[in-house]
Amino acid sequence: MIKASNLKIGYDQKIVVEDFNFEIPQGEIVSLIGPNGSGKSTVLKVVSRLMNSIDGVVYLDGCDIHRLPTKEVAKKLSILSQYQSTPPDFTVEELVSYGRMPHRKWYEAKSQEDEEIIEWALKQTRVEKFRDRSVNSLSGGERQRAWIAMALAQRPKILLLDEPTTYLDICHQIEVMELVNKLNEELGITVVMVLHDLNQAVRYSHRLVVIKDGRFVMEGTPEEVLTKELLRNVYHVEAEVTVDKMIGKPVFLPIGLSYAADF
Amino acid sequence: MEMSASSKSTPTKKVMSKRLIKRITVFVMTSVVLFLAILISLRFGSVRFTVSEIIQGLTSLENATAHTVIKNIRLPRTLIAMVVGANLAVAGALLQAVMRNPLADPGLTGVSSGAALAAITIMLVFPNLSGIVPLAAFIGGALACLLVFSLAWKKGIDPIRIILAGVAVNAILGGGTSLLSILYSDRIQGVLMWLNGSLAGKSWHHLRILAPYSIIGLIIGLLCINTANTLQLGEDAAKNLGIKVNTARLILSLTAAFLAGISVSTVGLIGFVGLIVPHITRLLIGSDYRFMLPVSALMGSALMILADTFARTAFAPIELPVGVIMAIFGGPFFLYLLRKGGGYKV
């Protein structure tokens with residue numbers, strides 16, 4: 001569905017990602033993980049055509065995403081950045097209605113179909129009772145769901161999320177993750193996200209892609225990826241990894257650093 | 001989080017329509033204010049007319065004084081004020097969408113300072129060429145704008161870079177303007193009027209030049225409404241929704257610069273309208289450009305007409321620069337709205 005080949009990405013002169021290849025199969029939840037500054041968000045930006053790469057190609061359904069008309073891409077793919085802002089008086093419903101923009105010509109008004117899809121998106125994310133409230137007046141978790149509703153109104157086949165749970169308390173983090181899971185299972189939306197929290201990534205992803213210093217390290221199922229060796233080599237953390245009986249996924253317990261930190 | 005089906009639809013429709021009603025009310029009220037402003041402007045001056053005399057003056061030759069004063073002097077001047085007010089307000093509103101910065105002002109594109117330097121160079125250094133002041137001002141504004149955009153361009157338009165480049169270019173050109181003013185301080189009188197904006201002596205001739213370009217600019221502005229709205233969600237969100245952000249920013253900024261440029265070259269520098277009117281409108285009606293942009297245009301027109309009427313009548317026969325009036329009266333009103341909070345919420 002999405003394939004990146006030989007990505008080389010940089011800001012000004014500085015190369016931050018090089019020789020990066022990966023493929024996202026349809027219908028999966030894939031998380032990009034890696035330490036701070038490893039380039040995971042940058043990769044997501046390029047994959048979603050928010051940013052250009054210096055070299056390499058991103059294919060969406062076999063076509064170079066940077067050559068496809070951007071409006072056509074917006075009907076298939078939606079990306080939510082880490083930071084969002086709306087003017088203070090935009091309501092949830094207004095925000096969600098922007099998701100229909102790519103499906104309309106600039107002179108066309110909202111159609112009946114648009115209204116129905118907006119309604120559907122509000123319901124799916126359970127923000128319908130906030131529909132007339134200003135987005136800025138919502139809590140972090142509600143706001144995140146409102147933005148996901150906007151993304152859903154685009155009717156994307158693939159949803160990209162940049163650290164969707166950062167800044168949320170644990171309850172809202174899980175709420176957002178459960179929502180993502182539901183969108184994947186019930187609507188078959190492919191999800192690619194950048195996550196900081198390894199346990200969350202393991203819990204909610206079918207596959208993990210590991211990045212370190214702008215290089216592809218490995219990819220695989222959570223069981224394949226979350227190992228003592230990986231935590232040591234990529235994060236410099238010594239940890240116990242066990243498989244939790246309740247969820248049947250690996251979890252880790254950090255013990256300390258793998259190098260002598262002198263504070 | 002569970003919700004019953006019944007709780008959703010009834011309050012919704014009510015609240016939404018309430019907001020729509022408010023927006024329509026503001027729209028209608030602003031139109032009424034504009035109409036009254038036009039009437040006031042036609043009525044007051046060295047000679048006062050009643051409404052029936054105004055209608056007479058506009059429609060027949062019976063009342064010769066009314067006909068001459070209203071049709072040949074006050075009407076064109078009022079219409080110019082109307083057009084200029086709308087242009088500047090729309091220019092400011094468009095730039096605010098691009099910059100996402102409350103201090104965005106048409107002057108930021110360099111248009112005003114470029115126009116000013118070119119205009120006063122002609123007025124002070126080549127006073128016998130004063131007929132080409134508007135043309136020179138427009139070209140000066142366009143060149144300065146081009147300079148700001150080429151300085152700000154780096155793989156696209158970054159709003160912060162425009163602001164910085166704009167401030168720098170304005171400082172340099174402003175220095176030039178000050179230098180000329182000092183060197184030719186004996187001829188400064190007319191220049192001062194121009195630098196503070198004045199509609200004194202503006203007639204049908206000026207309107208005929210200004211109107212077609214303004215109509216083109218304002219139509220382009222109206223066509224940009226959806227784009228401007230989407231840009232308010234931020235660069236990434238706009239790109240996600242299929243907006244070509246760089247192209248959009250360029251078109252919006254150039255339209256704004258064009259509207260400001262044609263206005264400034266006709267009537268001189270008028271600050272405040274482009275900065276404050278969009279804010280006042282936002283406070284009254286919200287940030288949705290479908291309402292905000294047309295209401296800004298109406299309100300810009302109304303304010304400009306009222307300010308000009310005051311400028312020419314308050315200390316008659318002395319005419320005050322309209323830009324000064326606008327700032328002195330509009331500023332406090334804006335601060336009042338800001339303190340009150342207005343409608344800049346849901």
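**Close-up 1. Strands E9 and E10 of chain A, paired in the antiparallel sense.** In this predicted model, strand E9 of chain A (residues 207-212) and E10(A) are antiparallel partners, held in register by 5 bridges. To pick out one of the pairings, look for A:Ile211: its bridge partner in E10(A) is A:Phe216.

**Close-up 2. The open sheet of chain A that takes in E9 and E10**. Zoom out from the pair and you get 6 strands, running in the order E6-E7-E8-E3-E9-E10, with mixed pairing. Which strands sit at the edges? They're strand E6 (77-80) and strand E10 (215-220) of chain A, each of which pairs on one side only. As for twist, neighbouring strands here are turned by 15° against each other on average, ignoring direction.

**Close-up 3. Helices H4 and H5 of chain A, packed against each other**. Two numbers do the job for a helix pair like this: the angle between the axes and the distance between them. Here, H4 (residues 112-124) and H5 (residues 140-153) of chain A pack at about 140°, and their axes are 8 Å apart. Angles over 145 degrees would count as roughly antiparallel, so H4(A) and H5(A) go down as oblique to each other. The crossing of H4(A) past H5(A) is right-handed.

**Close-up 4. Residues where H4(A) meets H5(A)**. What does each helix bring to the contact? From H4(A) come A:Ile117, A:Ile118, A:Ala121, A:Leu122 and A:Gln124, while H5(A) supplies A:Ala149, A:Leu152 and A:Ala153. Sorted by class, that's 7 nonpolar residues, 1 polar and no charged ones.

Key: Residues numbered from 1 in each chain as written. Chains lettered and ligands numbered in written order. Predicted model: local features only at pLDDT ≥ 70, side-chain atom pairs only at ≥ 80, totals over all residues. Axes fitted to C-alpha atoms, helices over the stretch in contact; angles between N-to-C directions. Helix = DSSP H or I, 4+ residues; strand = E, 2+ residues; numbered from the N terminus. Parallel < 35°, antiparallel > 145°, perpendicular 65-115°, else oblique. Left-handed = near helix turned anticlockwise from the far one by under 90°. Contact = placed C-beta atoms within 7 Å. Nonpolar A, V, L, I, M, F, W, Y, C, P; charged D, E, K, R; others polar. Pairing = 2+ DSSP bridges.
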